[in-house]
Amino acid sequence: MSGYFLHESSYIDADVEIGQGTKIWHFCHIQSGAEIGENCSFGQNVNISNNVKIGDGVKVQNNVSIYEGVELEDYVFCGPSMVFTNDLTPRAKYPKGHEGYKKTLLKEGATIGANATVVCGHTIGRWAMVAAGAVVTKDVPDYALMAGVPAKQIGWVCECGDVLSDSLICKKCGKKYKVQQEILVRMNGDF
Ligand SMILES: CC(C)(COP(=O)(O)OP(=O)(O)OC[C@H]1O[C@@H](n2cnc3c(N)ncnc32)[C@H](O)[C@@H]1OP(=O)(O)O)[C@@H](O)C(=O)NCCC(=O)NCCS
Ligand SMILES: [Zn+2]
């Protein structure tokens with residue numbers, strides 16, 4: 001493996017794949033079987049557990065643990081000190097092991113705000129945005145802006161990150177959207 005940056009204070013276990021241009025900053029631990037794409041950035045004190053898959057262009061801020069069962073697609077953003085989970089009903093005396101973990105998928109471009117928690121077993125849609133401090137307890141639709149405990153949808157967000165007004169035309173970048181059967185879709189998109 002070459003072409004990525006690893007700070008000398010961080011550890012990488014055996015059988016890890018890391019793509020070109022990825023940067024791993026201070027005090028991180030990448031566990032075996034992890035697959036990490038290109039041009040990602042992992043801030044201080046990030047743990048990536050066994051067999052976790054991470055796409056390209058992903059940014060993880062300080063103090064985040066990405067547990068087994070979590071998958072991050074391309075361009076996911078994890079805010080500082082946000083929390084993933086992988087066991088819905090944990091007990092110290094009755095550990096469930098790998099089979100008991102519930103999967104969590106963050107689709108392309110999804111953002112999780114600082115200090116938010118994602119309860120396991122859910123999918124966060126493409127370009128969705130979870131507010132700081134929210135607790136996600138359900139699947140999140142594409143482009144949805146979610147806030148609160150438990151997180152509720154309070155709006156829609158453009159791919160560029162601007163919160164959309166009722167016109168569903170982004171004031172910042174001009175992308176246009178429409179709601180189709182309660183799902184936001186891009187009108188002038190190229191995907
Ligand atoms: C959710 C968010 C995107 C909303 O931004 P915004 O559109 O400018 O929001 P506003 O400040 O206009 O607030 C809109 C409403 O949402 C509420 N709100 C905003 N952020 C909230 C949050 N994190 N949790 C709960 N409610 C929130 C506001 O109180 C306001 O409610 P009101 O209409 O009843 O007064 C933003 O507040 C946020 O949490 N961003 C995440 C920042 C972050 O974690 N970055 C990490 C990397 S640095
Ligand atoms: Zn936009």
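Strand E1 pairs with strand E4 (residues 23-24) in the parallel sense, over two bridges. Within this pairing, leucine 6 has isoleucine 24 of E4 as its bridge partner. The model described here is predicted.

The two strands belong to an open sheet of nine strands with mixed pairing, ordered E1-E4-E7-E10-E13-E16-E19-E21-E22. Strand E1 (5-6) and strand E22 (152-156) stand at the edges; each has a single partner strand, so one side of each is left without a neighbour in the sheet.

Ligand 1 is surrounded by Phe77, Pro80, Gly113, Ala114, Ala131, Ala132, Leu145, Ala147, Ile154 and Val163. Taken alone, ligand 1 exposes 910 Å², of which the protein buries 36%. The shell around the ligand consists of nine nonpolar residues and one polar residue, with no charged residue. Backbone atoms of alanine 114 and alanine 132 lie at short listed distances from atoms of ligand 1, and a side-chain atom of histidine 122 is paired with a backbone oxygen.

| Atom | Partner atom | Distance |
|---|---|---|
| Backbone N or O of alanine 114 | Oxygen of ligand 1 | 2.6 Å |
| Backbone N or O of alanine 132 | Nitrogen of ligand 1 | 2.8 Å |
| Backbone oxygen of valine 119 | Side-chain polar atom of histidine 122 | 2.8 Å |

Histidine 122 lies in the loop between strand E17 (117-118) and strand E18 (123-124). Is this loop residue buried or exposed? Histidine 122 has a relative accessible area of 14% and is therefore buried, the limit being under 20%. Apart from neighbours within four places in sequence, histidine 122 is in contact with Lys103, Thr104, Leu105, Val136, Thr137, Lys138 and Asp139.

Notes:
Residues are numbered from 1 along each chain as its sequence is written. Chains are lettered from A and ligands numbered from 1 in the order in which they are written. This is a predicted model: local features need pLDDT of at least 70, side-chain atom pairs count only at pLDDT 80 or more; totals for chains, interfaces and linings use all residues. Side-chain values use heavy atoms; hydrogens and water are left out. A residue is near a molecule or strand if one of its heavy atoms lies within 4 Å of it. A polar contact is a pair of N or O atoms within 3.5 Å; within protein, one must be able to donate a hydrogen and the other to accept it, and residues adjacent in sequence count only if both atoms are side-chain atoms. Accessible areas come from the Shrake-Rupley method with a 1.4 Å probe; for residues, only the protein chains shown count as cover. Ala, Val, Leu, Ile, Met, Phe, Trp, Tyr, Cys and Pro count as nonpolar, Asp, Glu, Lys and Arg as charged, and the others, Gly among them, as polar. Helices (H or I, at least four residues) and strands (E, at least two) are DSSP runs, numbered from the N terminus. Buried means under 20% relative accessible area, exposed over 50%, partly exposed in between (1.4 Å probe, protein chains only). Contact means heavy atoms within 4.5 Å. Two strands pair if DSSP finds at least two bridges between them.
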